[in-house]
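Here is a friendly walk through a model, for reading alongside the sequence and the 3D view. Take it one heading at a time and keep the structure open as you go.

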Amino acid sequence: MRRRDRHGRGMRGPVAPPQVPLSASRADTFRDLVLDSVERLERRWPQLADVEFLVMEVPPAVSGESVVPLGGSTPAEKSEPARVVVYRRPVEIRSKSRDERALLVHEVVVEQVADLLGLSPESVDPRYGQDEQD
């Protein structure tokens, strides 16, 4: 194993240290957006602590579907908790910037939680549909 490159310099280190956001993968960054949104909603809806929130790359293929979903929800069953899924790739494709992506992720999470609870998205988060973030 070589300790130095051909120019006599030492081994190169990482481009950015692990604590810098540059080293976080797109999937990690997306997961963090979903977690931020869930934490924001859990303050208002403590029963969401029993819901499992997942991030999947793409939705499962459904024949005959022309619209690609951004998320989905499944109610709790015997041994399975209720689940909310956000599909990363479709959300990324529909958003241009990080701020736009964060807003879209929150809207998807709110819509799926509303569906799960049988409520309107506006009652789950009164700021739903507004273009601002906290």
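## Helix 3 and its surroundings

Let us begin with helix 3, where the buried residues are Ala 102, Leu 103, Leu 104, Val 105, His 106, Val 108, Val 109, Val 110, Gln 112, Val 113 and Ala 114. Please keep in mind that this is a predicted model. What covers those buried residues? The cover over the buried residues of helix 3 includes helix 1 (26-44), helix 2 (88-93) and helix 4 (121-124), along with strand 1 (52-56), strand 2 (71-74) and strand 3 (83-87).

The length of helix 3 can be checked with simple arithmetic. Helix 3 runs over residues 98-117, and its 20 residues at 1.5 Å a residue should span 28 Å; the C-alpha atoms at its ends are 28 Å apart, so the two values agree. Just after helix 3 comes Gly 118, with a positive phi near 70°.

## The chain as a whole

Stepping back, the chain has four helices and three strands. If you read along the sequence, these elements follow the pattern α-β-β-β-α-α-α. The chain has 134 residues, and 31% of them count as buried.

How are the contacts spread along the sequence? Taking the contacts in the chain with a separation of 6 or more, 61% are between residues 24 or more positions apart. As for the surface, the chain exposes about 9400 Å², and carbon and sulfur atoms supply 52% of that area.

## Helix 1 and its buried side

Helix 1 passes the length check as well: its 19 residues, at 1.5 Å a residue, should span 27 Å, and its end C-alpha atoms lie 28 Å apart, which agrees. Which residues of helix 1 are buried? They are Phe 30, Leu 33, Val 34, Ser 37, Val 38, Arg 40 and Leu 41. Because these buried residues cover an arc of only 160° around the axis, they sit on the same side of helix 1.

The buried residues of helix 1 pack against helix 2, helix 3 and helix 4, and also against strand 1 and strand 3. Helix 1 appears in turn among the elements that cover the buried residues of helix 3.

Helix 1 also holds a salt bridge, formed by Arg 31 and Asp 28, whose closest N and O atoms are 3.1 Å apart. Both residues lie in helix 1, three residues apart, which is about one turn of the helix. Are these partners buried or exposed? Arg 31 has 40% relative accessibility and therefore counts as partly exposed. Asp 28, at 32% relative accessibility, counts as partly exposed too.

## Salt bridges in helix 2

How many salt bridges does the structure hold? There are nine salt bridges, and helix 2 offers two to look at here, beginning with Arg 88 and Glu 92, whose closest N and O atoms are 2.8 Å apart. Arg 88 and Glu 92 both belong to helix 2 and are four residues apart, about one turn of the helix. Arg 88 counts as buried because its relative accessibility is 9%, and buried means under 20%.

Glu 92 also forms a salt bridge with Arg 89, the closest N and O atoms being 3.0 Å apart. Arg 89 and Glu 92 are three residues apart in helix 2, again about one turn of the helix. Arg 89, with 29% relative accessibility, counts as partly exposed. Through salt bridges that share partners, Arg 26, Glu 57, Arg 88, Arg 89 and Glu 92 are joined into one network.

## A closer look at Glu 92

Is Glu 92 of helix 2 buried or exposed? Its relative accessibility is 9%, so Glu 92 counts as buried. The side chain of Glu 92 makes a polar contact of 2.8 Å with the side chain of Arg 88, and another polar contact, at 3.0 Å, links the side chains of Glu 92 and Arg 89.

Which residues does Glu 92 touch beyond those up to four places away in sequence? Glu 92 touches Arg 26, Phe 30 and Arg 101. Of these, Phe 30 is one of the buried residues of helix 1. Finally, the C-alpha atoms of Glu 92 and Leu 70 are 9.6 Å apart, while the two residues are separated by 22 residues along the chain.

Note on methods
Residues numbered from 1 in each chain as written. Predicted model: local features only at pLDDT ≥ 70, side-chain atom pairs only at ≥ 80, totals over all residues. Heavy atoms only, no water. Helix = DSSP H or I, 4+ residues; strand = E, 2+ residues; numbered from the N terminus. Expected span 1.5 Å × (residues − 1). Buried < 20%, exposed > 50% of the residue type's maximum accessible area, 1.4 Å probe, protein only. Contact = heavy atoms within 4.5 Å. Salt bridge = Lys/Arg side-chain N within 4 Å of Asp/Glu carboxyl O. Arc of directions from axis to C-beta. Areas by Shrake-Rupley, 256 points an atom, 1.4 Å probe, with all protein chains shown as cover. Polar contact = N/O pair within 3.5 Å; in protein donor to acceptor, adjacent residues only side chain to side chain.
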